[in-house]
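Please look over the sequence and the model shown here before reading on. The paragraphs below go through the structure step by step.

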2 protein chains.
Amino acid sequence: MNFSSKLIEEAVNAFASLPSIGKKTALRLVLHLINQDKEVTGQFAEAIVKMREHIKHCEICHNISDLAVCEICSDARRDRSVVCVVEGIRDVMAIEDTSQFRGLYHVLGGVISPIEGIGPSDLYIDALMQRIQKGEIKEVIMAISPTIEGDTTIFYLSKKLKDMKVKVSTIARGVSFGGELEYADELTLGRSIVARVPYRINE
Amino acid sequence: MNFSSKLIEEAVNAFASLPSIGKKTALRLVLHLINQDKEVTGQFAEAIVKMREHIKHCEICHNISDLAVCEICSDARRDRSVVCVVEGIRDVMAIEDTSQFRGLYHVLGGVISPIEGIGPSDLYIDALMQRIQKGEIKEVIMAISPTIEGDTTIFYLSKKLKDMKVKVSTIARGVSFGGELEYADELTLGRSIVARVPYRINE
């Protein structure tokens, strides 16, 4: 791409360094900002810099947070006896969006993946063990992606938790709600037949 | 979307205010920046703010420029007798990318569009006339989109240029190179039959 301006070129390269943004999209964003007041760009940049400078990881659950302890961990109305173990921050948001969980979280920061060189010591597993040793937690829910790495992580964690007085569960796996059976992949469909559950009539 | 952090929420909203970026993409971009060094975000923000603060429009052609006169207008090697009239900055870049034009440009800043309330006085048409009156320009190429508004603008400009001693041309219109005839739209195909050109053998 041929820029007649170094300033534009640098701004385009800045946007294009972000994931999923190519040069053409970056240029469209830059030209959009040029057509706005200077303040718009200032506020945009400030929001991002402020976020990056001040964002913290919660001391307890390792979720991202504005304060040393995140909103969820410091919320007195939440059930402190259940902890949902997740891979990352996005999983916390996804589960929060369902409004179906009122316990606390624990963010591992990834899953065990020998191929990528991620071992148990690279994740916040020790921190989870320390939380459980305090005795307040009664149940640990594994909300980890049903992949090989995810299953390895669940297996590793459940072995470590075996001797501790906590109930360990995983989120239900099976065909999606609203999905049509013929489009479900073989593995999911096969396993959901094997793991069939008794039908309950809601009265 | 449920953010456990005000800082994240503001940064996501900043990205999501840009065109073609939704909340999910914005979140992905923000989480990407969180995983990078603080300096990366600083440099990103700086490039954008610097661009917006210092960007100018070229006094001569109204292209965006770092200086009062843009790189193209101040390039002594370019042909000052030919001016290519375009709607916007992106058209300049597109034509520059072809490496087929060595003259100068004139950016109109849009096209005449009564529906959107854009009249000739809203565009840099007077500035174009003043450039031509200086006598150096021999040919004006209309490189304007083949739309109703574009054609209206070309018609308006060519009427204004009729009494001036300049040759007026438009870029060739017809079927795209590499495109298959059966997929060309009716209007383009019909017009390219009407406007057929004598076949020349390159020897």
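The text begins with the fold of one chain, turns to the contact between two chains, and ends with some individual residues.

The model is predicted. Chain A holds seven helices and six strands. Followed along the sequence, the order of these elements is α-α-α-β-β-β-α-β-α-β-α-β-α, so three helices precede the first strand under the DSSP-based assignment. The C-alpha trace of chain A spans about 65 × 45 × 45 Å along its principal axes. The radius of gyration of chain A is 22 Å, whereas a compact globule of 203 residues would have one near 17 Å. In chain A, 40% of the 203 residues count as buried. Among contacts in chain A with a separation of 6 or more, 46% come from residues 24 or more positions apart.

Next comes the contact between the chains. Chain A and chain B each enter the contact with 52 residues. Together the two chains bury about 5100 Å², and 70% of this area is on carbon and sulfur atoms. On the chain B side, S4(B), L7(B) and R52(B) supply 14% of the area that chain B buries against chain A, more than any other three residues.

The polar part of the contact can be counted as well. Between chain B and chain A there are 16 residue pairs in polar contact, with both residues at pLDDT 80 or more. Several elements of chain B each supply at least two residues of the side that touches chain A: α1 (6-16), α2 (23-34), α3 (38-54), β2 (64-65) and α4 (89-98). Of that side, α3(B) provides the largest share, twelve residues. Sorted by class, the side of chain B that touches chain A has 27 nonpolar, twelve polar and 13 charged residues.

How many salt bridges are there between chain B and chain A? The count is two. One of the salt bridges in the model is formed by the side chains of E10(B) and K50(A), at 3.8 Å from N to O. A search of the whole structure finds ten salt bridges over all chains. The pair of E10(B) and K50(A) joins two chains, because E10(B) lies in helix α1 of chain B and K50(A) in helix α3 (residues 38-54) of chain A. E10(B) has 36% relative accessibility and counts as partly exposed. K50(A), with a relative accessible area of 35%, is also partly exposed.

Other salt bridges lie within a chain. In chain A, the side chains of R77(A) and D75(A) meet at 3.2 Å, N to O. Is each partner buried or exposed? R77(A) counts as exposed at 69% relative accessibility, while D75(A) is buried, because its relative accessible area of 16% is under the 20% limit. In chain B, D75(B) forms a salt bridge with R77(B), and the closest N and O atoms are 3.2 Å apart. Here D75(B) counts as buried at 16% relative accessibility, and R77(B) counts as exposed at 70%.

The last residue to consider is T98(A), which lies in helix α4 (residues 89-98) of chain A. The side chain of T98(A) reaches the backbone oxygen of I95(A) at 2.5 Å. With a relative accessible area of 41%, T98(A) is partly exposed, because this value falls between the limits of 20% and 50%. T98(A) and D185(A) are 87 residues apart in sequence, and their C-alpha atoms are 24 Å apart in space.

Terms used
Residues numbered from 1 in each chain as written. Chains lettered and ligands numbered in written order. Heavy atoms only, no water. Contact = heavy atoms within 4.5 Å. Buried area = accessible area lost by both parts, 1.4 Å probe. Salt bridge = Lys/Arg side-chain N within 4 Å of Asp/Glu carboxyl O. Polar contact = N/O pair within 3.5 Å; in protein donor to acceptor, adjacent residues only side chain to side chain. Helix = DSSP H or I, 4+ residues; strand = E, 2+ residues; numbered from the N terminus. Nonpolar A, V, L, I, M, F, W, Y, C, P; charged D, E, K, R; others polar. Rg over C-alpha atoms; globule rule 2.2 N^0.38 Å. Buried < 20%, exposed > 50% of the residue type's maximum accessible area, 1.4 Å probe, protein only.
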